[in-house]
Amino acid sequence: MNGHIVLLPGDGIGPEVTTAACAVLHAVEARFGHTFHTAPHLIGGAALRATQVPLPDETLQAATAADAVFLGAVGDPAFDQAPPGKRPESALLAIRKALGLYANLRPARVWSGLEASGPLKPSVLAGTDLMVVRELTGGLYYGEPRGLAADGQSAHNTLRYSVDEITRIARVAFDLARRRRGRLVSVDKANVLEVSQLWRRTVQQLATEYPEVVLTHEYVDSAAMKLALAPSTIDVLLTENLFGDILSDEAGAVCGSLGLLPSASLGAKVGLFEPVHGSAPTIAGRDIANPIGAMASMAMLLEHSFGLASEAAAITQAIDDTLSAGLRTADIADPGTTPAATSQFTAAVTAALSRA
Ligand code: NAD
Ligand code: IPM
Ligand code: MN
């Protein structure tokens with residue numbers, strides 16, 4: 001297998017976790033005899049500092065021409081007061097839209113040995129293995145009109161979804177549920193929002209094509225509660241852009257740390273793979289970030305963009321082995337134990353991959 005991967009390390013801990021994910025990629029190349037060409041490009045605050053724009057044309061062109069894109073994180077407090085188009089985050093929204101990445105898959109599961117390291121009782125967390133399917137190119141994030149009034153005294157955003165947008169993301173969720181445990185919960189706010197009423201009706205209509213999937217609907221407030229109270233009862237959770245953003249961070253906390261969660265953004269030709277977490281500026285540059293979300297995102301890249309399911313499984317197994325051996329980064333370490341550095345944890349995972 002030969003492949004071209006564009007790397008977008010970005011800001012904060014983005015470069016550190018990208019380095020970790022690439023180390024894992026190289027271990028996979030060595031073990032399975034593949035060659036991946038990786039090319040780093042600028043995005044976010046790093047791009048703003050170098051070129052004054054958050055998503056340079058050159059970066060978007062390289063991403064469009066690649067087989068897959070791996071992203072670390074964007075976000076830099078230095079640009080927090082900048083206008084929307086001059087913020088690092090706008091690059092992420094623009095590249096998702098430009099690449100047509102409407103389907104964001106965010107799996108969350110309990111990793112072996114981490115049953116007791118999160119906020120939940122181990123008995124509540126046990127068996128948790130869920131998939132958030134987040135619509136990624138619509139809703140409030142992109143709706144027009146939007147803006148701040150000239151007098152600065154009001155602001156508005158637009159929530160809009162079409163039947164076609166709802167149907168295509170719901171299809172992704174139904175297809176996943178069919179291959180998993182056959183349960184799909186669609187999350188909305190249909191007791192208040194017209195958009196949610198259309199969402200619910202459209203998802204319900206599509207259900208006739210998937211008789212083997214048990215579909216339920218849940219209001220987002222109640223879904224947030226259930227995610228914390230009984231995460232193991234959730235199989236596939238389908239929702240719109242903003243609700244999915246919020247619930248996926250909650251899923252990270254439920255599993256023990258946001259640093260554990262990977263994601264795949266799919267839809268058109270090129271997929272983009274990134275950990276769910278952000279640039280975590282307060283821990284950046286200290287070699288303490290959890291690289292698991294990034295490594296697992298690289299596994300999703302191999303599986304979805306190159307069809308390398310065994311290679312992806314090998315990465316997951318190596319992470320599991322490393323956790324089973326007792327290594328923990330600071331975010332998931334038990335009190336009183338010495339945490340492993342990012343680089344130390346990464347070396348252990350690549351060693352586990354090479355040993356096998
Ligand atoms: P964040 O995800 O960066 O951090 C939230 C909390 O989780 C912090 O306490 C952080 O230290 C911790 N954390 C996150 N990733 C971790 C890891 N791998 N290991 C250990 N701990 C980890 O969210 P935030 O603080 O709200 O945002 C920081 C910046 O990141 C903002 O500029 C935001 O816009 C941006 N952001 C970017 C993305 C992305 O690139 N996909 C996602 C979320 C936030
Ligand atoms: C995420 C992030 C982004 C989002 C931000 C940085 C634009 O929070 O990927 O979850 O809201 O989608
Ligand atoms: Mn988010």
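This briefing describes how two domains of one protein meet and what surrounds two bound ligands.

The model is predicted, so that local features need pLDDT of at least 70 and side-chain atom pairs count only at pLDDT 80 or more, while totals for chains, interfaces and linings use all residues. Residues are numbered from 1 along each chain as its sequence is written, chains are lettered from A and ligands numbered from 1 in the order in which they are written, and side-chain values use heavy atoms, with hydrogens and water left out.

**Domains**

- The protein is divided into domain 1 (1-117 + 258-356) and domain 2 (119-255), with bounds that come from an automatic or database domain assignment.
- Taken over C-alpha atoms, the centres of domain 1 and domain 2 are 23 Å apart.

**The interface between the domains**

- Contact, meaning heavy atoms within 4.5 Å, links 21 residues of domain 1 with 27 residues of domain 2.
- About 2,200 Å² is buried between domain 1 and domain 2, and carbon and sulfur atoms give 64% of that area; buried area is the accessible area (1.4 Å probe) that two parts lose on being put together, summed over both.
- Y102, R106 and A108 supply 29% of the area that domain 1 buries against domain 2, more than any other three residues.
- There are zero salt bridges between the two domains, where a salt bridge is a side-chain nitrogen of Lys or Arg within 4 Å of a carboxyl oxygen of Asp or Glu.
- Eight residue pairs, both residues at pLDDT 80 or more, are in polar contact across the interface; a polar contact is a pair of N or O atoms within 3.5 Å, and within protein one must be able to donate a hydrogen and the other to accept it, with residues adjacent in sequence counting only if both atoms are side-chain atoms.

**Ligand 1**

- Ligand 1 is surrounded by 20 residues, of which the closest are V74, E89, G278, A280 and N290; a residue is counted if one of its heavy atoms lies within 4 Å of the molecule.
- A nitrogen atom of ligand 1 is 2.9 Å from a side-chain N or O atom of E274, and a nitrogen atom of the ligand is 3.4 Å from a side-chain N or O atom of H277.
- G278 places a backbone N or O atom 2.7 Å from an oxygen atom of ligand 1.

**Ligand 2**

- Around ligand 2 are E89, L93, R96, R106, R134, Y141 and D245.
- An oxygen atom of ligand 2 is 2.9 Å from a side-chain N or O atom of R106, and for R134 the corresponding distance is 2.8 Å.
- A polar side-chain atom of Y141 lies 2.6 Å from an oxygen atom of ligand 2.
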